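Me: Please give me a close look at one part of this chain, and then follow its links outwards. I'd like the geometry spelled out, with the cut-offs behind each term.

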Amino acid sequence: MGTKTAAILFTACLLLSACTATKPESAATSNQQDSVASDSGNSAKDQSSVSSPKSSSKQAGSDDHNSAGKTNAQAGKTNAQNDKTSESNETGAATSATTNNKMYHLNKAYNVIPNQQGTEKKVVLLTFDDGPKEAAMINKIIDVLDKHKAKAIFFVNGYRVKEHPELLKLIHDRGQPIGNHSWDHIVLKNRSEPEVKKQIESVQKVVNDITGQAPVFFRPPHGAGGDVGRKVAKENGLLYMTWSVGSLDWTMKKNQPNKTEALLKNVTEQLHPGSNILMHELPWTAEALDSLLIRLEQKGYQLVDPQSIEVPASK
């Protein structure tokens, strides 16, 4: 009986030992599963709190949350990209808004063309070349423009501005736009690029020095700027233009009779929507201007503000 009892006791001990050995393994498996579930929960929690700087800072430096740190870094990168995209979109929207404020542009024939449907097509642009010459004549022209609530581009030559800077200031102070007509009124198309740059950029500088504003319109003398003139104008943010309707006032002589009627006929015979009318600071043009604007208005034309015309951006 002693031997049998001993055998039974021995067998019971073996069974007890086997049971005790399997419990930690099972517990370890359970703990691993719990840990995985916990990590998954934490990962979801971490990802849901990526947008929170406090949550990210708390996780920083923890080896157990490297994956969350990577997630946050990726999210930060994405947010930065989104910010850049947003800034780009805002810049684009601002540029678009700026462009949309400009109601017109010039086409290849230098006519004034609406940017959008619904914008008035029956418009004309008034321009005066070769000044500034005389205060009395400038004031007479601008008095008529003011009477008709009109603006015109005064294309000036640098050598004239240098001689009479007060006349340039007069045009500016009376609220009329000033354009660049080169320094010496020479044909530019066959000149070297350095010479063309000097002719154009010296006018930009002197006008800016006197008025605080550089011109944004450029008309080459004799309508002949060539490729180099176009290039230099664009580099300086200038809108290059000639004209689409010539008044022929420059062909008239002082003692020629009926100059007013001749000028009116020259313009109205060529008149069309978007006309870019070339005139000069001449006594007979100043004399004819009021009659011309009355006739344009009677024909249903509006006088376009040069500031509503698109100009290129400088480099």
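**A loop and its surroundings**

Reply: Let's start with S182, which lies in the loop between β5 and α7. Helices here are DSSP runs of H or I with at least four residues, strands are runs of E with at least two, and both are numbered from the N terminus. Keep in mind that this is a predicted model, where local features need pLDDT of at least 70, side-chain atom pairs count only at pLDDT 80 or more, and totals for chains, interfaces and linings use all residues. Residues are numbered from 1 along each chain as its sequence is written, and side-chain values use heavy atoms, with hydrogens and water left out.

S182 isn't a glycine, yet its phi is positive, at about 75°. Its relative accessibility is 0%, so S182 counts as buried. (Buried means under 20% relative accessible area, exposed over 50%, and partly exposed in between, with a 1.4 Å probe and protein chains only.)

Now move along to L188, also found in the loop between β5 (178–180) and α7 (193–211). L188 counts as buried because its relative accessibility is 0%. What does L188 touch, once its neighbours within four places in sequence are left aside? The list is S182, V196, Q199, F218, P221, A224 and G225, where contact means heavy atoms within 4.5 Å. G226 is 38 residues away from L188 in sequence, but their C-alpha atoms are 6.8 Å apart in space.

One of those contacts, F218, takes us to the aromatic rings. The whole structure has 4 aromatic pairs. Rings of Phe, Tyr and Trp (its six-membered ring) pair if their centres lie within 6.5 Å; planes under 30 degrees apart are stacked, over 60 edge-to-face, and the rest tilted. Y110 and Y240 make a tilted pair, 6.4 Å from centre to centre with 45° between the planes. That pair links distant parts of the chain, 130 residues apart: Y110 is in the loop between β1 (104–106) and β2 (112–114), and Y240 is in strand β7 (residues 239–240). Y110 and Y240 are both buried.

Y240 also pairs with F218: the ring centres are 5.9 Å apart and the planes are at 55°, so this pair is tilted. F218 belongs to strand β6 (residues 217–218) and Y240 to strand β7, so the pair ties together parts 22 residues apart in sequence. F218 is buried, as is Y240. Put together, Y110, F218 and Y240 form one aromatic cluster.

Back to α7, the helix after our loop. Two packed helices are described by the angle between their axes and the distance between the axes. The axes of α6 (residues 165–173) and α7 come within 10 Å and cross at roughly 70°. Here axes are lines fitted to C-alpha atoms, for helices over the stretch in contact, and angles run from 0 to 180 degrees between N-to-C directions. That crossing makes α6 roughly perpendicular to α7; angles of 65 to 115 degrees get that name, those under 35 count as roughly parallel, those over 145 as roughly antiparallel, and the rest as oblique. The residues making the contact are P165, L168, K169 and H172 of α6, with V207, I210 and T211 of α7. By class, the contact of α6 with α7 has 4 nonpolar, 2 polar and 1 charged residues. (Ala, Val, Leu, Ile, Met, Phe, Trp, Tyr, Cys and Pro count as nonpolar, Asp, Glu, Lys and Arg as charged, and the others, Gly among them, as polar.)

S182 has a parallel elsewhere in the backbone: D130, in strand β3, has a positive phi of about 70° although it is not a glycine. D130 counts as buried because its relative accessibility is 15%. Just after it, G131 and P132 are joined by a cis peptide bond, with omega about -5°. P132 is placed in the loop between β3 (123–131) and α4 (135–147).

Finally, zoom out. The chain has 10 helices and 10 strands, and 37% of its 315 residues count as buried. Among contacts in the chain with a separation of 6 or more, 72% come from residues 24 or more positions apart.
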